[in-house]
Amino acid sequence: MHLARFPRVRLVHAPTPLEPLPRLTELLGGPRLYIKRDDCTGLATGGNKTRKLEFLLGDALARGATHVVTHGATQSNHVRQTAAAAARLGLKCTALLEARIADGSVEYRNSGNVFLDRLFDATLEARPAGLDMNAEVETHAARLHDRGEAAYAIPGGGSNPVGALGYVACAQEILQQADAAGIVVHHVVHATGSTGTQAGLVAGFQGHSSGVPVLGISVRAERSVQEDKVWQLAGRTLELLGVATPLAREAVRANSDYVGPGYGRPTPEMVDAVKLLARTEGILLDPVYSGKGFAGLLDLIRKGRFGKDENVVFVHTGGAVGLFGYRDTFDALHAS
């Protein structure tokens, strides 16, 4: 798969580290745990969306865009990274923030990612929950076009075939690092939401005939819906890459047991997972994606889902800055 064929801007500090988690592995008694540090991609505190933005903004610039429009939840990691990338490239950025958590605290509405969005000079517009947010972005971009601006619409999470190329690149990177270190990757696990990260990983591993399975821990949708969306996007990504081999439906696996009361809603297991990784390995997760994804991984390990001698790679999608929007959650549990 020849990714140099596609327009791209270089934003990622690549390759991001692939690190062992020796203390946590010992504490759990196996499997051997590794973490792919995509919280270290380098842009605006890092995160997985930066990989997608390399290709999305490469495409935007190739099309002559001067203004990007996207959307996300209030504490969106994607919006923060898009705003930063736009600032770096001299583009205007408008972000539509969906109030998926209408009863969020003052800190949730203003701290963390929102504070950084404003620091990067993004124009923020609020939207109520439940709208077709990708359609809202397209409508806003069309409005800007009518005013004479060259606007480029980016879907939520950067999750379309162009954006998913970023995680095709990540799959290639994991294979190269594992080969160099002599590590056989038996499983890749990560938090899955808007589907672009998982679709790109699946397409990347499939395109290399690696046989590496990917398990997405869903943070929002129930299993069948999430798997179908990932499968469709992975197939379209492979088509964009010119890979003729069809993607089997069973190649896409998701687990929705750890969503809890809903997207962005804290769970005790998420809090415990964030604390455990911080206190054993000095690594910060986020409360919406990687925290729930890691909580799911820990529970599956304790249930014997993985062999004691297998190598499991957790892809850390970043977002720790969002912890500041959830300080009340951690303070309340600490006090109890």
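Here are some exercises on this predicted model, each with a worked solution.

Residues are numbered from 1 along each chain as its sequence is written. Because the model is predicted, local features need pLDDT of at least 70 and side-chain atom pairs count only at pLDDT 80 or more, while totals for chains, interfaces and linings use all residues, and side-chain values use heavy atoms, with hydrogens and water left out.

**Exercise 1. The annotated domain**

Find the residues that UniProt lists for the domain "Tryptophan synthase beta chain-like PALP", and describe the chain over that range.

Solution. Start with the record: the unreviewed UniProt entry gives residues 10-318 for this domain. UniProt positions are in the numbering used here, feature names are shortened, and annotations may be inferred rather than shown by experiment. Next, look at the secondary structure, where helices (H or I, at least four residues) and strands (E, at least two) are DSSP runs numbered from the N terminus. Over residues 10-318 the chain is 45% helix and 17% strand. Finally, the end C-alpha atoms of that range are 18 Å apart.

**Exercise 2. Two open sheets**

Work out the strand order of the six-stranded sheet and of the four-stranded sheet, then name the edge strands of each.

Solution. Two strands pair if DSSP finds at least two bridges between them.

- Step 1: the six-stranded sheet is open, reads β1-β2-β10-β7-β8-β9 and has mixed pairing.
- Step 2: its edges are β1 (18-20) and β9; each has a single partner strand, so one side of each has no neighbour in the sheet. The twist averages 30° from one strand to the next; axes are lines fitted to C-alpha atoms, for helices over the stretch in contact, and angles run from 0 to 180 degrees between N-to-C directions.
- Step 3: inside this sheet, β7 (residues 187-192) and β10 (residues 311-316) run parallel and are joined by three bridges. H187 has V312 as its bridge partner in β10.
- Step 4: the four-stranded sheet is also open, with the order β5-β4-β3-β6 and parallel pairing.
- Step 5: β5 (123-128) and β6 (151-153) are at its edges, and each has a single partner strand, so one side of each lacks a neighbour in the sheet. Here the twist averages 25° from one strand to the next.
- Step 6: β3 and β6 run parallel, joined by three bridges, and H67 stands opposite A151 in β6.

**Exercise 3. The annotated active site**

Is S76 buried or exposed?

Solution. First, the reason to look here: the unreviewed UniProt entry lists S76 as "active site". Then place the residue: S76 is in the loop between β3 (67-73) and α3 (77-89). Last, apply the cut-offs: buried means under 20% relative accessible area, exposed over 50%, and partly exposed in between (1.4 Å probe, protein chains only). S76 has 5% relative accessibility, so it counts as buried.

**Exercise 4. Pocket and cavity**

Describe the lining of the largest pocket and of the largest cavity.

Solution. Begin with the method. On a 1 Å grid over the protein atoms alone, a cavity is a set of points where a 1.4 Å probe fits but cannot get out; a pocket is an open set with protein on both sides within 12 Å along at least five of seven lines; lining residues have an atom within 4 Å of a point. Grid points are joined across faces, edges and corners, and a volume is the space filled by probe spheres set on the points.

The largest pocket has a volume of about 670 Å³. Of its 31 lining residues, R100, G156, G193, S194 and R220 lie nearest its centre. The largest share of this lining, five residues, comes from α9.

The structure holds one cavity of 30 Å³ or more. The largest cavity has a volume of about 130 Å³. Its lining has 16 residues, with N48, K49, A191, T197 and Y289 closest to its centre.

**Exercise 5. Unusual backbone**

Which peptide bonds are cis, and where does T195 lie?

Solution. Most residues other than glycine have a negative phi, and most peptide bonds are trans. The bond from A14 to P15 is cis, with omega near -5°, and so is the bond from G30 to P31, with omega near 0°. T195, in the loop between β7 and α8, has a positive phi of about 90° although it is not a glycine. With 7% relative accessibility, T195 counts as buried.
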